[in-house]
Structure formats: structure tokens, C-alpha cells
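Please open the model in your viewer and keep the selection panel at hand. The tour below moves from one selection to the next and says at each stop what is there.

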Amino acid sequence: MDSFKEIWELVQQELKNSVTEVAYNVWLSPLEFVSFKNDTIYLSISEFKRNIILDKFMSVLHASLESIFGFPVNVEFVVPEDQAKPADEKSSSLRESSDEYDYTFANFITGPSNKFAYAAAMNVANNPGRHYNPLFIYGHSGLGKTHLLMAIMNEIKNENPNADIIYTSAEHFTNDLVHHIGNHNTHIFHEKYRSCDVLLVDDVQFISRGDQVQEEFFHTFNALTSNGSQIVLTSDRPPKEMMTLEERLRTRFEMGLIADIQPPTLETRMAIVKKKAADHDLELSDDIIKFIADNIKKNIRQIEGIIKRIKAYQDVEGVKVNLALAKRAISDIINDSQPLPVTVENIINEVARTFSVTPADIRSDKRNANISQARQIAIYIVNQVTGLSLKAIGQEFGNKHHSTIIYALKEITGKLERDVALKASVDDIIKNINES
């Protein structure tokens, strides 16, 4: 037994080298060796963490075991009969299982622009499946929607460590469905999503791409609400503005509570700057705090980037933090208090994400129908938004001749005139690009 325990310590070191530090500390380090019999290793873990490991870490676990043992090893999990924890251990477990940033209600800065959404999220976290189902939170990028989603997850997990919680994005939901369809095992997909206690979906506006995805999400939604499971959705717009969303899904999204998050007031932004600075052990004067808050008005996520940049200048260069340094740190994010110019890279990435291709595909010469259409759409949006010449656009898309660009523009313009759903998708992309 002692020799196997020593081998297990080597396996743990292999696991530690194979995943991120956060992933190892949260999910894999709690694994405890029980026994080894007939090429099978028995490991003890809580039921909640077992489900996460089965879903996300089995391949790396098998690879690490084979690397140390020298042959394939089967894995069986043993769930302790008594998983109850004292209250003080529960709070410790919550801190361990949080992401790289501690997304909690306690560190979410509230103000008039987000107070309603915050209160609704707290209510759902304290009473999952009872009052607001679904909870639909919408607002522009960088205003705290994901923070609230993660806070709900962490709060529920803190109160009920065994809760089956799925946190995902609409894009990952789509890719997961495609994967299981390709492997002819959609029953596994159904078991995963239709039996959980809480489903949290970020950027649900991308569910509106594709009839089959909407069909699957419709049945998932119905199954969960019938079971009393909680659903929380975030989006960059309310359901009524998701133009390619099926009516039956739109009505379901609207049957719970809809809460919006608006850009924060100056006072709230200043409080956020102070909090982010404190998180990074950085002392900022009032004039620096106000300068940052005056210049970052919409995307609060940018504030943390600026704070990190100021901290890096202080630590690496040993310079004093003053207003001049703050202006230097902010210069890459703003330009005379205006957003950065829209770039071709932004457009290609947004089109690739929307139409499930890669940016490399769009820039390539591949002629697959879906890739060709995505490329034409990217060319069209670049032409509409950036003001680049046809020759310059051609250079951005693999040095294509300007006649090819003209042809692409003509083709996609015709398609947009005939296809209302496609036009709505393109309009959504342009809106996202302009607001990012």
C-alpha cells in the first residue's frame, strides 16, 4: 500500500505539470488514493468534484496514470458516505473552487446602473429554481454580467457543494452539441444538460445561430424548468432584439425576470477603480482614480487591464505611480477619450465566432461553402466599417486582387437582400464591433 501511495504522489506531480495551477488545486489535488486492484485505481473524491473530473479531466488523468504506471489504468471513484462539512470548511471550499478571480457578490461594486440585476442575481443564488426562472441579464460587454453569473455559481456551490451546476457559453453549448452529434452519442449530451440543478449560460445571443441548436436548447430549457432547475442567461441585448431567435425560445426567455446592466456612473466607476487597485496592492491618488474613471466609461473590464499595467510599470521599472504614469498605462486602450479604431482582426474574429469557422479559415483560400460565405461577410463588414480601399482589403485577406473583393461584395450584398436572417446576423456583428 505504501508503494502505491508513493506512485500516486508521482501521478499527482504529473497531473500538476499537465494542467493549470488553479485547475489542479481546485479539482485534482483533493483526489485521495484508496487502493489499486486488477489494473484499476480507486480514488476518493466528493460527488460534486467527481462529476467535474468526469466531464473535464479524465483524459489528462488517464494520461498521467499511464505515464507513471507504464500501462493503461482504469479509474474508479469512491464517494465518501459522509460529505457534510462544517460551516467553516464550507467557506474554505468556496475560496478553493473559485476561478482565477474571486467572482463573488461581496466584491461586485453596485450602483444605480446595476443594482436591480445584482439584487435579482442574489435572490436566485439564495433561492434557486423558486422565484425568477429564468433570470435573463443583458448589457454591453464588460459591465459585469459574467461576474454575476459566476457569483451565482459560487454562492450556490458554497451552500450546496453537491449541486450539479453547469456554467457554459452559448458557443461552447453549440460546439458540445456538434461534437456529440458527430460521435452519435447525443444521449450523453441530453443527460448532461437536462438533468443538472443549475444551468448558467453566458452570451446566449449566439444560441440564435442555427435551427438545430435552438431546437436542442428549447428542449433543454423545457426539461430543466419542468424539473424545477434554475436557469440564468446573459446576453448583450434583450430577447426582443435577438432577431434570429425562434419565437418559442423568445417567449421562454421572457417568462422569468429580465434585468439590464447599464454603463456605471462616475461615482461607481471610481469605486471600481479603488477596488481593483486594492486587489493588486496598489495605492492610487484621487486624481489618478478620477482620471481613469473619466476615461473608461463603458467597458469596466478595461479598468483591470489599466490597473495591471500601472502595477507592472511600478514593479518592473521601479517608477513612482503618478498621473503621468496613469496616462501612459491608459494610452493603449483609449485615444483622446474615444474607443480604439475598429480593426480588421476584430471583425474577422467576430465573424469566425458567429459562423463557427476559424480566423485562419477566413484568411485562407478554402472554398467550402460555409467558409466562403464567412469570408464574404468579413470582407463586406470590413468594407462597411473601416473605410479601407479595395486594394487594402484584398491585402488583409491573403493579398487577393481587388476584383475578387468586388465579386465578394456583390455576392454577399445579393444574399443579404434575399436572406432576412443572414442580414440580421450581419447587423448583429456590426453592432457588436461598433460597441466593443
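How many bridges join S2 to S3, and do these strands run parallel or antiparallel? Five bridges join S2 to S3, and the two strands run parallel. Before following them further, please bear in mind that the model is predicted.

**The whole chain**

Start with everything displayed as a cartoon, where the secondary structure comes to 21 helices and eight strands. Of the 436 residues in the protein, 46% are buried. If you count contacts with a separation of 6 or more, residues 24 or more positions apart account for 70% of them.

**The three-stranded sheet**

Select residues 32-37, 40-44 and 74-78, which are strand S1, strand S2 and strand S3. Together the three strands form an open sheet in the order S1-S2-S3, and the pairing is mixed. S1 and S3 stand at the edges with a single partner strand each, so one side of each is left without a neighbour in the sheet. On average, neighbouring strands of this sheet are turned by 25° against each other, direction ignored.

Next add helix H4, residues 58-69, which packs on this sheet and touches S1, S2 and S3, while its direction makes about 120° with that of S3. Now zoom in on S1 and S2, which run antiparallel and are joined by five bridges; lysine 37, for instance, has threonine 40 in S2 as its bridge partner. The hairpin of these two strands has two residues between them, and asparagine 38 takes a positive phi near 50° there. On the S3 side, tyrosine 42 has glutamate 76 as its bridge partner. S2 itself is mostly covered, since four of its five residues are buried.

**The five-stranded sheet**

Move on to the other sheet, an open one of five strands in the order S5-S6-S7-S4-S8, in which the pairing is parallel. Its edge strands are S5, residues 165-169, and S8, residues 257-260, each of which pairs on one side only. From one strand to the next, the twist averages 15°.

Select S6 (residues 198-202) and S7 (residues 230-235) together, and you have two strands that run parallel and are joined by four bridges. Leucine 199 has isoleucine 231 in S7 as its bridge partner. Helix H8, residues 170-182, packs on the sheet and touches S5 and S6, with its direction at about 100° to that of S5.

**Asparagine 133**

Keep isoleucine 231 in view and select asparagine 133, which is found in the loop between helix H6 (115-126) and strand S4 (135-138). Is asparagine 133 buried or exposed? Asparagine 133 has a relative accessible area of 15%, and because buried means under 20%, it counts as buried. Its side chain reaches the backbone nitrogen of isoleucine 231 at 2.8 Å, and it also makes a polar contact with the side chain of glutamine 230, at 3.2 Å. Leaving aside residues up to four places away in sequence, asparagine 133 touches Thr225, Ser229, Gln230, Ile231, Met255 and Gly256.

**Helix H15 and its cap**

Now select helix H15, residues 323-330, and colour Leu325, Ala326, Ala329 and Ile330, which are buried. If you look down the axis of H15, these buried residues fall within an arc of 130°, so they line one face of the helix. An α-helix has 3.6 residues a turn, so residues three or four places apart point the same way. To see what covers the buried residues of H15, add helix H13 (286-295) and helix H14 (301-317), which are included in that cover. At the N-terminal end of H15, asparagine 322 acts as a cap, with a side-chain oxygen 3.2 Å from the backbone nitrogen of alanine 324.

**Two packed helices**

For the last stop, select helix H16 (residues 344-354) and helix H18 (residues 369-385), which pack at an angle of about 145° with their axes 9 Å apart. H16 passes H18 in a right-handed crossing. Show the side chains of Val344, Ile347, Ile348 and Val351 on H16, and those of Ala374, Ile377, Ala378, Ile381, Val382 and Val385 on H18, because these are the residues that make the contact.

Methods:
Residues numbered from 1 in each chain as written. Predicted model: local features only at pLDDT ≥ 70, side-chain atom pairs only at ≥ 80, totals over all residues. Heavy atoms only, no water. Buried < 20%, exposed > 50% of the residue type's maximum accessible area, 1.4 Å probe, protein only. Polar contact = N/O pair within 3.5 Å; in protein donor to acceptor, adjacent residues only side chain to side chain. Contact = heavy atoms within 4.5 Å. Arc of directions from axis to C-beta. Pairing = 2+ DSSP bridges. Axes fitted to C-alpha atoms, helices over the stretch in contact; angles between N-to-C directions. Left-handed = near helix turned anticlockwise from the far one by under 90°.
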